[in-house]
Amino acid sequence: MTDQPTREDAPRSCTVGEDVLRVHELVGADDPRPKCGAGEGETVDEWLRAVNCPECR
Ligand SMILES: [Zn+2]
């Protein structure tokens, strides 16, 4: 038994392309994208970090 959050219930966030400072809320399962729609067509990197994108919050 562990207190560590599982991947499934952890907040999902991501960065897009080369902008690694802005952390977006991640939506979608099969094709995860930032909630605000940033970085259309750019690479999405998933993180377990606090969302700081004002358009996603
Ligand atoms: Zn965003």
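In what sense do β1 and β2 pair, and over how many bridges? In this predicted model, β1 and β2 pair in the antiparallel sense, and three bridges connect them. One of the facing pairs places Cys 14 opposite His 24 of β2. The two strands form a hairpin with two residues between them, in which Gly 17 adopts a positive phi near 60°.

The protein chain contains four strands and zero helices, and its pattern along the sequence reads β-β-β-β. The four strands assemble into an open sheet with antiparallel pairing, in the order β3-β2-β1-β4. The edges of this sheet are formed by β3 (33–34) and β4 (44–47), each of which pairs on one side only.

On one side of the sheet, β4 is joined to strand β1 (residues 13–16) by four bridges, again in the antiparallel sense. Within this pairing, Thr 15 has Asp 45 of β4 as its bridge partner. At the other edge, β2 and β3 run antiparallel and are joined by two bridges. Here Val 27 stands opposite Arg 33 of β3. A hairpin with five residues between the strands links β2 and β3, and Gly 28 in its turn has a positive phi of about 90°.

Strand β2 was examined further through two of its residues, Val 23 and Leu 26. Val 23 lies in strand β2, which spans residues 19–27. With 19 other C-beta atoms within 10 Å, against the 20 or more required of a buried residue, Val 23 is classed as partly exposed. Apart from neighbours within four places in sequence, Val 23 contacts Ser 13, Thr 15, Trp 47, Arg 49, Ala 50, Val 51, Asn 52 and Cys 53. For one of these residues, Trp 47, the C-alpha atom is 8.4 Å from that of Val 23, although 24 residues separate the two along the chain.

Leu 26 is also found in strand β2. Leu 26 is buried because 21 other C-beta atoms lie within 10 Å, which satisfies the threshold of 20 or more. Beyond neighbours within four places in sequence, the contacts of Leu 26 are Arg 12, Ser 13, Cys 14, Pro 32, Pro 34 and Glu 46. The C-alpha atoms of Leu 26 and Ser 13 are 4.7 Å apart, with these positions 13 residues apart in sequence numbering. Ser 13 is listed among the contacts of Val 23 and among those of Leu 26.

For the protein chain as a whole, buried residues account for 14% of the 57 residues. Of the contacts between residues at least 6 apart in sequence, 42% join residues at least 24 apart. The mean pLDDT of the chain is 86, and 81% of the residues reach 70 or more. Confidence is highest in β1, at a mean of 95, and lowest in β4, at 90.

Technical notes
Residues are numbered from 1 along each chain as its sequence is written. This is a predicted model: local features need pLDDT of at least 70, side-chain atom pairs count only at pLDDT 80 or more; totals for chains, interfaces and linings use all residues. A residue is buried if 20 or more other C-beta atoms lie within 10 Å of its own, exposed if 12 or fewer, and partly exposed in between; C-beta atoms are placed from the backbone. Two residues are in contact if their C-beta atoms, placed from the backbone, lie within 7 Å. Two strands pair if DSSP finds at least two bridges between them. pLDDT is the predictor's confidence in each residue, from 0 to 100.
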